[in-house]
Each structure stands twice: as C-alpha cells, then as structure tokens.
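Visitor: I am new to this structure and would love a close look at a single part. Could you take me through the aromatic pairs, and then show me what lies around them?

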Amino acid sequence: MADMAVHHAQPKEFQHQFEDMAQQRDAGTFGMWVFLVTEIMFFGGLFGAYIIYRSLYLPSFEIGSRLLKVDFGATNTVILIASSLTMALSIYAAHINKKNLQVLFLALTMLLGGIFLFLKFAFEWTADYHEHLIPGLGFIVRPEWGAAGSHVPMFFCFYFFMTGLHALHMIIGFVILAVLLVMAWRGRFHSEYYAPLESTGLYWHFVDIVWIFLFPLLYLIGGRYVIGGGH
Amino acid sequence: MSDYLVPVKTYLLVFFGLLILTGLTTGVAFIDLGAEFNTIVALTIAVVKALLVILFFMHVKYSGGLTKMVIVAGFFFLALLIAFTLADELTRNWSPQVHGWSTLIAPLRIWF
C-alpha cells in the first residue's frame with residue numbers, strides 16, 4: 001500500500017480501524033455525545049414531569065421551593081462550576097504534556113465534587129430530614145400551608161429524585177475520575193492521546209449543566225421575594 | 001477539526017462569567033419582577049450558562065458539524081417531549097365539558 005508510510009508515525013494508542021488520530025478523537029467525542037443525548041432524554045423525562053406538575057399545583061410547589069436551603073444550592077452551584085473549570089484545565093494539561101498539572105487538576109475536580117456531595121448529604125438533606133421534609137421518612141404537612149399543603153410532598157418527591165439522580169451521576173463521575181487519576185499518575189495521557197479524559201470531561205460538564213437547570217427550577221423560581229419566604 | 005487548544009484565558013473568562021451569572025440569578029430571585037418574569041429571567045440565565053459550558057468547556061464551538069448536529073437533535077427531541085406534553089395538558093379544558101348523554105336526551109324521555 002502506497003499510503004502505509006503515512007501511518008508509521010502514529011502513537012501506540014492508535015486503533016487500526018481509523019484513518020488517523022484526529023478521526024479517532026472525533027469518533028470518540030461523537031460517541032460520547034450520542035450517550036449524552038440519551039442522558040438528556042433520561043433527565044428530560046423528570047424535567048418534563050416537573051414542569052407539568054408545577055403548572056398543576058403551583059402554590060404547593062412554591063411553598064416547597066421556599067423551604068429549600070438556597071444558600072447551600074448557590075454554594076454548590078459555584079463549587080460545581082469550579083470543578084468544571086478544573087476538569088477542563090486537566091485536559092488542557094494533558095494537551096501540553098504536563099503530567100503533574102493533569103494529576104493536580106483531576107484531584108481538585110474530585111475534591112470539589114466530593115465537597116458538593118458532602119454539603120448535599122451531610123448538611124442539606126440532613127436538615128431536610130430534621131425538618132420532616134422527606135416524603136416517606138416522617139414527612140409532616142404543616143397547618144400554615146393550608147389547602148396547598150396536600151401537594152407539598154409531591155414537590156419534595158421531585159426534589160429528592162432529581163437531585164438524587166444528579167448526585168448518583170456525580171458519584172459515578174467521582175469513581176471514573178479516581179481511575180483517571182491513577183492513569184494520569186502513570187503517565188498514560190499525553191498530547192496525542194487523552195480520549196478518556198476528554199470523554200469524562202464531557203460527562204462531568206453534562207452533570208454540571210443538569211445542576212445549572214436544577215438550581216433555578218427547584219430553588220429559585222418559587223417566589224422567594226415573598227416576605228418571610230427566604231430561608 | 002478536533003486538534004484545537006483552547007487558551008486558559010478563555011476557560012477563566014467563561015468561569016468568571018458563570019460565577020457572575022450564578023450570583024445574578026440568585027440575587028434576582030429575591031426581587032419581585034412581577035407576573036412570570038422571575039421564571040423567565042431565571043431560565044434565560046440558566047440557558048446562557050448551559051451554552052457557555054457546552055460551547056467552551058465541552059469544546060463544541062471547535063467541534064465538527066456531525067457532533068453539533070447530534071447535540072441540536074438531542075435538545076430538539078427534549079423540546080418535543082416538553083412542548084407536546086404541555087400542549088396536551090394545558091389545553092384539556094379548552095373544549096366544552098361533556099355532561100353525558102342522559103341529560104341531553106332527558107326531554108325525549110316522554111317518547112320511550
């Protein structure tokens with residue numbers, strides 16, 4: 001084959017079914033996006049149901065929304081955005097062949113993801129439990145909610161399912177990042193090959209985007225400007 | 001096509017943009033903008049933030065057309081899911097309520 005000479009300089013990660021490394025990278029990114037589209041529809045079902053039931057039981061959903069801890073929600077938004085930045089920077093570090101920076105930024109991403117989950121489980125959900133706001137775990141409908149009180153548990157079902165599914169995605173991402181950390185430590189990624197980093201980065205940013213929509217939908221649009229509505 | 005290197009400066013600018021928008025959306029939630037404007041503002045800011053993440057952190061601005069098409073298709077089907085479900089749910093009371101045939105034929109009862 002006359003064009004065999006073109007292929008001789010490929011790195012060892014090159015898979016023979018591709019024309020070159022650029023095509024291999026594009027195929028990997030494309031495949032990851034196809035997966036993320038299924039994830040969009042996966043979360044989309046919950047978002048769609050939330051929108052419908054919010055429109056049907058608006059007063060109940062607004063009462064529920066005002067009971068969420070908006071300070072924790074906002075703090076966690078900032079933490080997750082910062083973890084997206086460090087994730088992007090670790091891929092940048094791989095691109096410029098800086099192994100220690102890669103490891104550092106991956107570790108920072110894991111640390112920030114861990115802080116997010118810690119705040120959510122140890123503070124937010126624990127406080128919700130003590131305030132009797134978890135349906136099925138001693139939920140108490142308060143008399144001051146009036147007639148709207150009957151559907152407040154529905155809001156909290158949505159809240160715990162949506163943030164719970166999001167948290168599950170973060171736990172999965174955390175485990176994948178731990179594997180990548182070891183691989184990066186062993187010098188597996190360099191400027192020619194960092195597909196696992198790139199794909200995991202896409203996943204991590206996707207989880208960030210889900211939270212970017214969960215935060216206003218759950219915490220913010222429940223009429224917090226009402227006197228005494230803040231928390 | 002995929003052999004790009006996004007400068008660190010771009011990442012930092014996007015990061016600070018996202019921080020400012022997070023502060024903005026949280027602050028605006030405590031101000032009564034009237035009618036449904038609080039919801040519209042909150043969701044508009046969320047869409048802008050998501051676009052920033054998709055275009056720059058996820059490198060879609062620098063990706064090929066095939067990848068862009070898959071993403072647009074994904075969000076298009078999400079829009080279909082939500083729009084058609086809402087179109088059903090919100091228009092159910094538009095048509096007159098059916099009260100059952102027994103009341104309609106009551107005047108005719110005399111015949112049978």
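Guide: Happy to! Over all chains of this predicted model, the count of aromatic pairs comes to 27. Let us stop at a couple of them. In one of these pairs, the ring centres of A:Y50 and A:F155 are 6.4 Å apart, and their planes meet at 55 degrees, so this pair is tilted. Where do the two partners sit? A:Y50 belongs to helix α2 of chain A, while A:F155 belongs to helix α6 (residues 152–185) of chain A, so the pair ties together parts that lie 105 residues apart in sequence. A:Y50 has a relative accessible area of 1%, which is under 20%, so A:Y50 is buried. A:F155 is buried too, at 0% relative accessibility.

Now hop over to chain B. There, the rings of B:F15 and B:F16 also form a tilted pair, because their planes are at 55 degrees, with the centres 5.4 Å apart. B:F15 is buried, its relative accessible area being 12%. B:F16, with 46% relative accessibility, counts as partly exposed.

Helix α2 of chain A, the home of A:Y50, leads us on to the place where the two chains meet. Chain A brings 47 residues to this contact, and chain B brings 47 residues as well. Between them the chains bury about 4,200 Å², with 81% of that on carbon and sulfur atoms. Of the area that chain A buries against chain B, 15% is supplied by A:W33, A:L85 and A:Y225, more than any other three residues supply. Helices α2 (21–56), α4 (70–95) and α7 (195–220) of chain A each give at least two residues to the side that touches chain B. The largest share of that side comes from α2(A), with 17 residues. Sorted by kind, the residues on this side of chain A are 33 nonpolar, 9 polar and 5 charged. Across the interface there are 0 salt bridges, and 2 residue pairs are in polar contact between chain A and chain B.

One last stop, this time within chain A. A:K69 is found in the loop between α3 (58–66) and α4 of chain A. With a relative accessible area of 6%, A:K69 is buried. The side chain of A:K69 is joined to that of A:E131 by a polar contact of 3.2 Å.

Notes:
Residues numbered from 1 in each chain as written. Chains lettered and ligands numbered in written order. Predicted model: local features only at pLDDT ≥ 70, side-chain atom pairs only at ≥ 80, totals over all residues. Heavy atoms only, no water. Contact = heavy atoms within 4.5 Å. Buried area = accessible area lost by both parts, 1.4 Å probe. Salt bridge = Lys/Arg side-chain N within 4 Å of Asp/Glu carboxyl O. Polar contact = N/O pair within 3.5 Å; in protein donor to acceptor, adjacent residues only side chain to side chain. Helix = DSSP H or I, 4+ residues; strand = E, 2+ residues; numbered from the N terminus. Nonpolar A, V, L, I, M, F, W, Y, C, P; charged D, E, K, R; others polar. Buried < 20%, exposed > 50% of the residue type's maximum accessible area, 1.4 Å probe, protein only. Phe/Tyr/Trp six-rings, centres within 6.5 Å; stacked < 30°, edge-to-face > 60°.
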